[in-house]
Amino acid sequence: MKNVSILKRSMIIIYDLLILLALVIILSFPLASISTLDSWIYLFLHQFYIYLIAQLYFVFFWSNGRSTIGMKTWKTIIINDNGTQLSFLTAIYRFNLSLLLNIFFLVGYLSSFFKKDNKALYDSFLKTNLINK
C-alpha cells in the first residue's frame with residue numbers, strides 16, 4: 001500500500017478544516033447566548049468546547065470508519081502499520097500529538113517533506129499510515 005502524497009495530504013487537511021469550521025460554528029450557537037460574560041472562565045470553556053468538537057470529529061471517524069469526510073473524498077484511509085484499524089485510544093493519541101506538534105510551526109506536518117515515505121512525525125511516532133484505498 002502506498003502512502004499518500006504531500007499534496008493529497010494538504011488537500012485532505014484543508015477539506016477537513018472547512019468541515020470542522022462549519023461544525024464549530026453550528027455547535028457554538030448554544031454558547032452564543034451566554035457570550036456576554038467577559039471572563040476568562042467563559043473564554044477557557046469555549047476554547048475547551050471547540051477542542052472537544054475537533055477531537056470528537058477526528059477520533060470518531062478515525063476509529064470507526066478509518067477516514068474522515070475529507071479522507072473519503074480523496075479516497076484515503078488511516079491504518080496502523082500492521083494494517084489494522086486504529087483503536088479509539090490510538091486515535092485520541094494521534095489527534096493530540098498532531099495538535100501539539102502542529103501548533104509549533106507545523107513541525108509534525110512539515111516533517112513529511114523530509115521523509116521518503118511522506119509520513120508525518122506523529123504518524124511515525126504512533127506507527128500509523130495514511131494510505132490510498
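A residue counts as exposed when its relative accessible area is over 50%. That cut-off helps with two loop residues in this structure, which is a predicted model.

Take Lys-75 to begin with. This residue sits in the loop that links α4 (69-73) to β1 (76-80). Its relative accessibility is 56%, so Lys-75 counts as exposed. The backbone here is worth a look too: Lys-75 is not a glycine, yet its phi is positive, at about 55°.

Phe-105 tells a similar kind of story. Although Phe-105 isn't a glycine either, it has a positive phi of about 60°. Its place is the loop between α5 and α6 (107-110). With a relative accessible area of 76%, Phe-105 is exposed as well.

Now for the pockets. The largest pocket has a volume of about 620 Å³. A set of 23 residues lines this pocket, and those nearest its centre are Ile-13, Leu-17, Phe-58, Ser-98 and Asn-102. Three elements each give two or more residues to that lining, namely α1 (6-27), α3 (40-64) and α5 (88-103). Of the elements, α1 supplies the largest share, with eight residues.

As for the chemistry of the lining, 16 of its residues are nonpolar, four are polar and three are charged. Helix α5 turns up twice in this account: it contributes to the lining of the largest pocket, and it comes just before the loop that holds Phe-105.

How values were computed: Residues are numbered from 1 along each chain as its sequence is written. This is a predicted model: local features need pLDDT of at least 70, side-chain atom pairs count only at pLDDT 80 or more; totals for chains, interfaces and linings use all residues. Side-chain values use heavy atoms; hydrogens and water are left out. On a 1 Å grid over the protein atoms alone, a cavity is a set of points where a 1.4 Å probe fits but cannot get out, and a pocket is an open set with protein on both sides within 12 Å along at least five of seven lines; lining residues have an atom within 4 Å of a point. Grid points are joined across faces, edges and corners, and a volume is the space filled by probe spheres set on the points. Helices (H or I, at least four residues) and strands (E, at least two) are DSSP runs, numbered from the N terminus. Ala, Val, Leu, Ile, Met, Phe, Trp, Tyr, Cys and Pro count as nonpolar, Asp, Glu, Lys and Arg as charged, and the others, Gly among them, as polar. Buried means under 20% relative accessible area, exposed over 50%, partly exposed in between (1.4 Å probe, protein chains only).
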